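User: Could you walk me through this model, one question at a time? I would like each answer to end on the value or name I ask for.

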Amino acid sequence: MAVQDIMATWVGATAKQIARGVRRGDVSATQVVADHLEYIARADGELAAFRAVRGGEAITEAEKVDEQEDLANLPLAGVPVAVKENTPVAGLPTWNGSAAARSDVAEADHEVVRRLRGAGAVILGVTRMPELGLWAVTDDENAVTRNPWDSTRTPGGSSGGAAAAVAAGLVPIAHANDGLGSIRVPAACCGLVGLKPGRGVVPCQLGADDWFGLTEHGMLTSTVADAAVGFSVLAGRRPEKLVPPQRLRVGVSLRSPVRGVAPDAPNRDAVAAAGRLLAAAGHDTVPADPVYPTALSLQGIATWLAAAAADVRAAGLDRRGLQRRTRRHVALGEWAHRRGYVREADRAAWRQRSVDFFTDHSVDLLLTPALASAPPEAARWSDRSWRANMTANIRYAPYAAPWNIAGLPAIVVPVGRRPDGLPVAVQIVGPPGSELLLLGVAGQFEMAAPWARHAPGYPRVGTGRPVSPQRAPELGGTIGA
């Protein structure tokens, strides 16, 4: 029996399932895209995940995929994908989180968008983010993006729209980028897999200078197999085997990079649960605390500030039209830059210290909490003060930023739920070049303790579910197969 005979809709299917169905002729890319566009039209009003949807254009692109003769060589054949709104998509403005930060209609795709299209993906639209990607909450003057797991909570930021879209099944995978945690924080908020590649693995080319080299492109997905194929496409790599790693030595740390901020009980319990999963998979866990110097927090904040100022200057934006919190951030960034508080030498020193951590402690990977507390409320944070935004962001999401400064790969993986029903996750950090190792360990987590692929009640498509959302990946298979 053909897959299409038992599926009322392809909404809710994984990227791997969709691509396989399109390549085998079980379904057309046009039908898959039409299913998802119809669902977005019905479901996104309450989530505000998308800034713009490319209805007719997406159908036309899907038809072109169906006409191709080399579908067998397309790892994302017919897969609907969303792109974060700070990344140019030909024919659309690049919003950058608000009307005031929007740039002109892009004449050409960004390189990562070009790679997604080249792999057979169809771009359905662009997802919302906070203004200039500065915050770990997602809202603007027109909408508040909401977490499908709990509409009173934020899906995180800055890739909040992307995370909400995947967690609700609006798209199977979504492009995102991460300057100080903007892939991993939303992944943790929404129960997704979020890999931040190491520096230089995927071309960035955003804003003035990629936030002084801190920003990386990646994908948000509901399975490790989809994360693996998304990574291979963005990195411009041929499909590779993703196999369960043999015995590893994993350092475990609850230490917060920010003094005075500590993980709450659910996040501590998540790390303990992850440690048990690692042990069950045959790995060794040992206590290993990175030493986060006070200067690292100051350097991180100074870079965060100065990056915003640099982007505003490079884009020629009129800061008077920006949100109050952004204007304050930019002004402080200009001050930090003038005072010489943003130094490449400091970032290089932390990078070397981070690389040395793995040899000094004789560990292969580092396990930490993904967040320190539950996601903040979904609200118009853009109307609140700079101080209120900074405090909320730093208190709930302190664990991601050091690894952007170090340029090391890191992944967030779901490991259960908080008492309030929201997902809880852990972060795993590796040395340079360890992206496939991180994915392999994440796959072991998924096989041992499968997570719900979507938020409860999503996708809202009736009975047409493709397979059980608890199905684990086949780690011995080929990425994208």
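The turns below cover burial, packing, cavities and backbone geometry.

Analyst: Happy to help, and a word on conventions comes before your questions. This is a predicted model, in which local features need pLDDT of at least 70 and side-chain atom pairs count only at pLDDT 80 or more, while totals for chains, interfaces and linings use all residues. Residues are numbered from 1 along each chain as its sequence is written, and side-chain values use heavy atoms, with hydrogens and water left out.

User: Why is helix 1 described as largely enclosed, and what does it pack against?

Analyst: Helices (H or I, at least four residues) and strands (E, at least two) are DSSP runs numbered from the N terminus. Buried means under 20% relative accessible area, exposed over 50% and partly exposed in between, with a 1.4 Å probe and protein chains only. Seven of the ten residues of helix 1 (15–24) are buried, so the rest of the structure largely encloses it. With contact meaning heavy atoms within 4.5 Å, the buried residues of helix 1 pack against helix 2 (29–43), strand 2, strand 6 (173–178) and helix 8.

User: Which residues have the most contacts inside the largest nonpolar core?

Analyst: A nonpolar core is a set of buried Ala, Val, Leu, Ile, Met, Phe, Trp, Tyr and Cys residues joined through side-chain atoms within 4.5 Å. The largest one has 108 residues, and those with the most contacts inside it are Leu76, Leu170, Ile411, Leu439 and Phe445.

User: And which residues are among the members of the other core, of 43 residues?

Analyst: This core lies apart from the largest one. Its 43 residues include Ala336, Val342, Trp381 and Ala392.

User: Is glutamate 85 buried or exposed, and which backbone nitrogen lies 2.8 Å from a polar atom of its side chain?

Analyst: Glutamate 85 sits in the loop between strand 2 (80–84) and strand 3 (93–94). Its relative accessibility is 1%, so glutamate 85 counts as buried. Leaving out residues up to four places away in sequence, it touches Arg51, Trp95 and Arg128, among others. The backbone nitrogen 2.8 Å from a polar atom of the glutamate 85 side chain belongs to methionine 129.

User: What is the volume of the second largest cavity?

Analyst: On a 1 Å grid over the protein atoms alone, a cavity is a set of points where a 1.4 Å probe fits but cannot get out, and lining residues have an atom within 4 Å of a point. Grid points are joined across faces, edges and corners, and a volume is the space filled by probe spheres set on the points. The whole structure has three cavities of 30 Å³ or more. The second largest has a volume of about 70 Å³.

User: How many charged residues are in its lining?

Analyst: Strand 8 (216–221) and helix 8 (224–234) each supply at least two lining residues. Ala, Val, Leu, Ile, Met, Phe, Trp, Tyr, Cys and Pro count as nonpolar, Asp, Glu, Lys and Arg as charged, and the others, Gly among them, as polar. The lining of the second largest cavity has seven nonpolar and four polar residues, and the number of charged ones is none.

User: What is omega for the cis peptide bond that joins glycine 157 and serine 158?

Analyst: Serine 158 is in the loop between strand 5 (122–127) and helix 5 (160–167). The cis bond joining glycine 157 to serine 158 has an omega of about 5°.

User: What is phi of tryptophan 211?

Analyst: Tryptophan 211 belongs to helix 7 (residues 210–213), and at 9% relative accessibility it counts as buried. Its phi is positive in a residue other than glycine, near 55°.

Key:
1 Å grid on protein atoms, 1.4 Å probe; cavity = no way out; pocket = protein on both sides within 12 Å on 5 of 7 lines; lining within 4 Å. Polar contact = N/O pair within 3.5 Å; in protein donor to acceptor, adjacent residues only side chain to side chain.
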